[in-house]
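Hi,

Here is the structure I promised to pass on. Have a look at it first, and then read my notes below.

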Amino acid sequence: VTPSSLTYSSVVSRDSLRIALTIAALNGLDVLACDIQHAYLTAPCREKIWMVAGPEFGSDAGKTMVVVRALYGLKSSGAAFRAFLGETIHNMGFRPSLADPDVWMRPATKADGQECFECTLLCADDVLCISENPETMMQTGVGKHFELKEESTGPPKTCLVGHLKKVTMENGGKAWSFSSSQCVQA
C-alpha cells in the first residue's frame, strides 16, 4: 500500500515494461498507448488550500475560495492523480502486481478460448493497455473515466524515455523492441 505521505506519481519500471511486452508477444496480445488530458485536474486535491480570488474572477473577486482539484504545481498533485487513477483502474477489475504497483492485471479469455491476463501499465499520465482488443479496453475503461488526448491514442512509440517499435522476427512472429538510444544520444 502506498503511504499517504507520498507526494509524487510513481511510474512503471523499465524491467516491468520489458516483461509485459514479452508476455504480450508470447500470447499474441496487442499493445495500445494513450495520454490522459488535464490529468491532475481530474483528481481531488489532497492538500487543504484556499485563496482569495483576484480580479480575474469578476464578481467573485475578494472571496475566499477552496481548491478542490489537484492543480499543477501543488506538492501532492502527482500522488493525488496517481491514487485517483489507481482507484479507477481497480474499479475496472484490475489488481496491481506485487512486483510493481504500476503494473495492473486482470484475468481474461481470448476469442480462441485461451486464458490470459490483460495488463495496464501506468507511467504518470500515460497508460499502456495490453490485451487481445486494447481499443475496447481503452474506450470502455480508461477513456470512459478520463479525457484522452486524441493524437496520443495508438501503438506506443515512446515510454520511459525509450523508443518502442513493433518488429517482425525472422520466424514471422511479432515482438516489441525497446531502445534507450534516444535517451543516450540526448
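**What I found**

Buried residues account for 38% of the 186 residues in the protein. Bear in mind that this is a predicted model. The accessible surface comes to about 11,000 Å², and carbon and sulfur atoms own 56% of that. As for contacts, if you take those between residues at least 6 apart in sequence, 58% of them join residues at least 24 apart.

On secondary structure, I get four helices and ten strands. Going along the sequence, the pattern reads α-β-β-β-α-β-β-β-β-α-β-β-β-α.

**The five-stranded sheet**

One part to look at is an open sheet of five strands, ordered E1-E7-E6-E5-E4 and paired antiparallel. Its edges are E1 (30–35) and E4 (95–96), each of which pairs on one side only.

Let me walk you across from the E4 side. E4 and E5 are antiparallel with two bridges, and Arg95 sits opposite Met105 of E5. These two strands make a hairpin, with six residues between them.

Next comes E5 with E6, also antiparallel, held by seven bridges. Val103 has Leu121 in E6 as its bridge partner. This pair is a hairpin too, this time with five residues in between, and Gly113 in the turn has a positive phi of about 90°.

Then E6 (residues 115–123) pairs with E7 (residues 126–131), antiparallel over five bridges. Here Cys123 is bridged to Asp126 of E7. Packed on the sheet is helix H3 (residues 134–145), which touches E1, E5 (103–109), E6 and E7. The direction of H3 makes about 35° with that of E1.

**Helix H2**

H2 covers residues 77–91, so to speak a by-the-book helix in length: 15 residues reach 21 Å from first C-alpha to last, close to the 21 Å expected at 1.5 Å a residue. Its buried residues are Ser77, Gly78, Ala79, Ala80, Phe81, Arg82, Leu85, Gly86, Thr88 and Ile89. Note that this list has Arg82 and Thr88 in it as well as Phe81 and Leu85. What do the buried residues of H2 pack against? They pack against E5, E6 and H3. After the helix comes Gly93, which has a positive phi near 100°.

**The cores**

In soluble globular proteins, nonpolar side chains tend to be buried together. In this model, the largest nonpolar core has 21 residues, and the ones touching the most other members are Ile36, Phe81, Leu85, Ile89, Val127 and Val142. Two or more residues come from each of E1, H2, E7 and H3. Which element gives the most to this core? That would be H2, with four residues.

Phe81 is a good residue to click on. Setting aside neighbours within four places in sequence, Phe81 is in contact with Ile36, Ala39, Tyr40, Thr42, Ala43, Ala124, Asp125 and Phe146.

There is also a second, separate core, made of 19 residues; among them are Leu21, Ala33, Val103 and Leu128. You have met Val103 already, as the bridge partner of Leu121.

That's my tour; over to you.

Cheers

Conventions:
Residues are numbered from 1 along each chain as its sequence is written. This is a predicted model: local features need pLDDT of at least 70, side-chain atom pairs count only at pLDDT 80 or more; totals for chains, interfaces and linings use all residues. Side-chain values use heavy atoms; hydrogens and water are left out. Two strands pair if DSSP finds at least two bridges between them. Contact means heavy atoms within 4.5 Å. Axes are lines fitted to C-alpha atoms, for helices over the stretch in contact, and angles run from 0 to 180 degrees between N-to-C directions. Buried means under 20% relative accessible area, exposed over 50%, partly exposed in between (1.4 Å probe, protein chains only). Accessible areas come from the Shrake-Rupley method with a 1.4 Å probe; for residues, only the protein chains shown count as cover. The expected span of a helix is 1.5 Å times one less than its number of residues. A nonpolar core is a set of buried Ala, Val, Leu, Ile, Met, Phe, Trp, Tyr and Cys residues joined through side-chain atoms within 4.5 Å.
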